[in-house]
Amino acid sequence: MVQMPEPVIRMIKHPDTKKVMATVSPDGKPHMIVCGSLVVTEPDTIVVGEVFMYRAGEYLAKNPNVEFMVWQGRDAYSIKAVAKSRIDTGPIFEKMSQQLDKMNMTLVAVWVFEAQEVWDESASKNCGTKVA
């Protein structure tokens, strides 16, 4: 587990940040989804709301390894993580459920991920640099 640097956390929290999550199918094929509900709860923890995660949820149940890509303009980060749990009750679930209700989306569960590595993928000379 690693703690995500403050610039990465700030980017994730910013409303204009684009966010995707990549999972892997049982036959080894990548699968990516837009991940608007991605939030940081601790410097080493990301949570994602399960709303329309049909294949992604199925793949996560079999292989907990994921990669998140977050970007704004030319700045981008890749976060490799591992799913630690899937919860459908409790304060994190309730808070996210209330937020998604405002957008007429029904939360099924919340996936909790532990960050393993963070890479700078910006369009700059730092591209490909491991930052955590």
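Here is a walk through the structure above, from its overall build down to a few side chains. Keep in mind that this is a predicted model.

Let's start with the big picture. The chain folds into 3 helices and 8 strands. If you trace the chain from the N terminus, the elements come in the order α-β-β-β-β-α-β-β-α-β-β. The C-alpha trace spans about 40 × 35 × 25 Å along its principal axes. How does that fit with the chain's length? A compact globule of 132 residues would have a radius of gyration near 14 Å, and the chain has 14 Å, so the two agree.

What about the inside and the outside? Of the 132 residues, 42% count as buried. On the outside, the chain exposes about 7,500 Å², with carbon and sulfur atoms supplying 53% of that area. Contacts also tell you how the chain folds back on itself: take those with a separation of 6 or more, and 64% of them involve residues 24 or more positions apart.

Helix 3 is a good place to zoom in. This helix covers residues 91–101, and its buried residues are Phe93, Met96, Ser97 and Leu100. Look down the axis of helix 3 and you'll see these buried residues fall within an arc of 105 degrees, so they line one face of the helix. There's a general rule to have in mind here: an α-helix has 3.6 residues a turn, so residues three or four places apart point the same way. Which parts of the structure cover the buried residues of helix 3? The cover includes strand 3 (39–42), strand 4, strand 6 and strand 7. Turn to the other side of helix 3 and you'll find Pro91, Lys95 and Gln98 exposed.

Carry on past helix 3 and you reach the loop that leads to strand 7, where Asn104 sits. Asn104 has a phi near 60 degrees, a positive value in a residue other than glycine. Is Asn104 buried or exposed? With 74% relative accessibility, Asn104 counts as exposed.

Next, the aromatic rings. The structure holds 2 aromatic pairs, and one of them is made by Phe68 and Phe113. Their ring centres are 5.1 Å apart and their planes stand at 85 degrees; planes over 60 degrees apart count as edge-to-face, so that is what this pair is. Phe68 belongs to strand 5 (residues 65–72) and Phe113 to strand 7 (residues 109–120), so the pair ties together parts that are 45 residues apart in sequence. Both partners are tucked away: Phe68 counts as buried at 0% relative accessibility, and Phe113 counts as buried at 1%.

Now for the charged side chains. As a general matter, side chains of opposite charge can pair when their charged atoms come close. A search of the whole structure finds 4 salt bridges, and three examples are worth a look.

One of them joins Arg86 to Glu50, with 2.8 Å from N to O. Arg86 lies in strand 6 (residues 75–87) and Glu50 in strand 4 (residues 45–50), so this bridge ties together parts that are 36 residues apart in sequence. The two ends sit in different settings: Glu50 is buried, with a relative accessible area of 11%, whereas Arg86 counts as partly exposed at 42%.

Another salt bridge links Glu67 and Lys80, whose side chains meet at 3.3 Å, N to O. Glu67 is in strand 5 and Lys80 in strand 6, so here the pair ties together parts that are 13 residues apart in sequence. Glu67 is partly exposed, with a relative accessible area of 29%, and Lys80 also counts as partly exposed, at 30% relative accessibility.

The last example stays inside a single helix. Glu58 forms a salt bridge with Lys62, and their closest N and O atoms are 3.9 Å apart. How are these two placed along the chain? They are 4 residues apart in helix 2 (residues 54–62), so about one helical turn separates them. Glu58 is partly exposed, with a relative accessible area of 41%, while Lys62 is exposed, with 57%.

Methods:
Residues numbered from 1 in each chain as written. Predicted model: local features only at pLDDT ≥ 70, side-chain atom pairs only at ≥ 80, totals over all residues. Heavy atoms only, no water. Phe/Tyr/Trp six-rings, centres within 6.5 Å; stacked < 30°, edge-to-face > 60°. Helix = DSSP H or I, 4+ residues; strand = E, 2+ residues; numbered from the N terminus. Buried < 20%, exposed > 50% of the residue type's maximum accessible area, 1.4 Å probe, protein only. Rg over C-alpha atoms; globule rule 2.2 N^0.38 Å. Contact = heavy atoms within 4.5 Å. Areas by Shrake-Rupley, 256 points an atom, 1.4 Å probe, with all protein chains shown as cover. Arc of directions from axis to C-beta.
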